[in-house]
Amino acid sequence: MGNFANGHYAGSSSEAWMTRKGNVSTMRTHGPDGELAPFHVDYVIGGKRMQDAVTVFPDGRWQVLPVYFHVADRTWVDYTEAKQGPLSPEHPFYWTNARRMANHECLDCHTTALHVDYSEATRAWTTSFVDGNVACEDCHGPGSRHAETSEPADIVHPVHSGAVGMSACARCHGPRRPLFSLLDSEHQFRLGDAYDELYDPIVVTMPDGGASPDYFVDGKPKTSSFEYQAMLQSACYRKGKADCLTCHTAPHDPKHNATELRDTPAALCGSCHAEIRAAGAAHTHH
Ligand code: HEC
Ligand code: HEC
Ligand code: HEC
Ligand code: HEC
Ligand code: HEC
């Protein structure tokens, strides 16, 4: 999606020049040492609202290039700089550093069955995955046995799987701290595992009782994709047991588009809040 035909972006500390020759897209920007150099775009993440370009370093680190493409506005932006302030090469969020390493920070939510390894001998990373996006086995679990037997019991059907089904969505639709290192391959999430055994969701209150810096004082999240946390903290989930699949269809279902709901919001909410729905204008004042 990115406009690589002679694009340019200049922020307070980052600057980038985008070019495209044949199939090769390149971003020229300040590198690990702060010096300008060209970086090849090897992969992209997203493409619906935003698209981020990724370059693979010789030691196998996938780094998210500093400037993102805003699809609707067709402009280049630097949200990291906007959030963190001007970035120097020492800053953890400077694009060549650890917090911008996609194999570590992004790919487990943007691929299917990610596997990352590090060799101490060669000091290099290797990265592999089954599908380079959100795909069948993210929500249905390992499927090779089911492909041979066609038995419903050999695959996860999220809607009929209680907490396992909900963890299929929660794992990606809510920021969290993984409890095990990415290199501990025994303990990477596979559908069927209990969410709470592997992740600690980032919620308003910190374990020590303080307020999380990821929320404003009124509890509103500072960044995006907090759907799981929003749900966890609602009475609709705690008392009514509403979960993602009460309201959302399968995001891949060919009969629906990705954002389609099982019914109109009024009908969905009204299924549990019938009196409020029936009260109409007396409740809404509209
Ligand atoms: C905890 C899981 C998770 C992690 C980690 C994560 N993302 Fe995402 N990302 C999501 C979800 C979920 C969405 C969809 C947003 C929504 O909820 O509407 C998304 C959306 C996006 C989009 C917009 C996609 C589009 O088509 O418009 C981009 C680009 C993106 N993420 C890049 C990244 C990058 C770069 C990183 C690492 C620095 C990252 N993400 C880490 C879960 C994650
Ligand atoms: C983002 C999660 C997600 C992904 C990715 C996903 N599914 Fe599903 N799938 C679901 C959910 C949720 C349901 C239950 C739908 C419902 O009851 O409305 C479902 C239902 C199904 C069903 C049963 C349909 C039925 O009538 O009950 C089949 C078959 C299926 N998926 C196959 C696939 C295949 C094949 C892929 C990959 C091409 C895939 N799914 C990818 C979430 C997902
Ligand atoms: C492996 C991570 C992953 C899983 C599992 C997952 N999602 Fe997503 N979801 C994403 C990402 C990333 C996007 C952004 C679009 C994209 O890049 O495909 C997204 C997009 C969506 C959207 C559309 C929002 C938009 O941007 O238009 C909905 C709705 C959604 N997901 C609901 C669900 C539900 C419900 C489940 C559980 C059945 C689920 N997702 C499971 C990662 C995931
Ligand atoms: C599966 C049932 C269910 C669904 C669906 C549902 N709710 Fe709820 N909701 C509840 C229950 C149960 C309570 C707690 C009621 C009580 O304590 O009297 C609640 C409480 C609330 C509250 C009170 C605030 C709070 O968190 O304590 C609001 C507001 C609310 N719901 C709005 C909505 C809206 C808007 C929708 C549709 C998007 C919705 N609900 C869908 C079951 C549900
Ligand atoms: C009580 C009903 C309800 C529940 C439960 C619920 N959602 Fe939603 N969700 C909605 C409604 C309504 C919207 C707004 C749809 C719109 O604007 O058209 C929405 C919007 C979204 C969007 C943004 C879609 C877009 O177009 O940007 C995502 C992503 C999403 N929900 C994911 C989830 C996930 C993941 C869960 C579970 C953790 C969840 N939702 C639980 C009703 C619900």
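**Entry 1: iron of ligand 3**

I began with the iron atom of ligand 3 and found His173 to be its only protein donor, through NE2 at 2.1 Å. The model is a predicted one, and I read every distance in these entries as a computed value. I then placed His173 in the chain: the residue sits in the loop that connects helix 6 (162–170) with strand 12 (176–178).

**Entry 2: surroundings of ligand 3**

I next asked which residues are the closest to ligand 3. The shell holds 17 residues, and the closest are Lys48, Arg49, Cys169, Cys172 and His173. I looked up the polar contacts for three of these names. For Lys48, a polar side-chain atom is 2.4 Å from an oxygen atom of ligand 3. For Arg49, an N or O atom of the side chain is 2.4 Å from an oxygen atom of the ligand. His173 appears here as well, with an N or O atom of its side chain 2.9 Å from a nitrogen atom of ligand 3. Helix 3 (107–110) and helix 6 are the elements that contribute two or more residues to this shell. By class, I recorded eight nonpolar, five polar and four charged residues around ligand 3.

**Entry 3: iron of ligand 1**

I turned to ligand 1 and its iron atom. The protein offers this iron a single donor, NE2 of His110, at 2.1 Å. I located His110 in helix 3, an element I had already noted in the shell around ligand 3.

**Entry 4: iron of ligand 5**

For the iron atom of ligand 5, I again asked which protein atom serves as donor. The only one is NE2 of His248, at 2.0 Å. His248 is placed in the loop between helix 10 (244–247) and helix 11.

**Entry 5: surroundings of ligand 4**

I listed the shell around ligand 4 in full: Ala235, Cys236, Lys239, Gly240, Ala242, Leu268, Cys269, Cys272 and His273. Helix 9 (235–238) and helix 11 (265–270) each provide at least two of these residues. In class terms the shell comprises six nonpolar residues, two polar and one charged.

I then went through the polar contacts of ligand 4. Ala235 takes part through its backbone, where a polar atom is 3.3 Å from an oxygen atom of the ligand. Lys239 takes part through its side chain, with an N or O atom 2.9 Å from an oxygen atom of ligand 4. His273 has a polar side-chain atom 2.8 Å from a nitrogen atom of the ligand.

**Entry 6: strands at the start of the chain**

I moved to the strand pairing. Strand 1 (residues 7–10) and strand 2 (residues 15–21) run antiparallel and are joined by four bridges. Within this pair, I noted that Tyr9 has Ala16 of strand 2 as its bridge partner. The two strands form a hairpin, with four residues between them.

Strand 2 also pairs with strand 3 (residues 24–30), antiparallel and through six bridges. Here Met18 is bridged to Met27 in strand 3. How many residues separate strand 2 from strand 3 in their hairpin? I found two, and Gly22 in that turn has a positive phi of about 60°.

**Entry 7: enclosed space**

I looked for cavities of 30 Å³ or more, and the count came to one. The largest cavity holds about 30 Å³ of space. Its lining consists of Gly2, Phe4, Val44, Gln51, Asp52, Ala53, Phe69 and Trp76. Which element gives the most to this lining? I found strand 6 (residues 50–56), with three residues. The lining divides into five nonpolar, two polar and one charged residues.

**Entry 8: an open pocket**

Last, I took up the second largest pocket, whose volume is about 250 Å³. I counted 17 lining residues, of which Ala113, Leu114, Asp138, Phe189 and Arg190 are the closest to the centre of the pocket. By class the lining has eight nonpolar, four polar and five charged residues.

Methods: Residues numbered from 1 in each chain as written. Chains lettered and ligands numbered in written order. Predicted model: local features only at pLDDT ≥ 70, side-chain atom pairs only at ≥ 80, totals over all residues. Heavy atoms only, no water. Near = heavy atom within 4 Å. Polar contact = N/O pair within 3.5 Å; in protein donor to acceptor, adjacent residues only side chain to side chain. Nonpolar A, V, L, I, M, F, W, Y, C, P; charged D, E, K, R; others polar. Donors = N, O, S within 2.8 Å, 3.2 Å for Na, K, Ca; no water. Pairing = 2+ DSSP bridges. 1 Å grid on protein atoms, 1.4 Å probe; cavity = no way out; pocket = protein on both sides within 12 Å on 5 of 7 lines; lining within 4 Å. Points joined across faces, edges and corners; volume = space filled by probe spheres on them.
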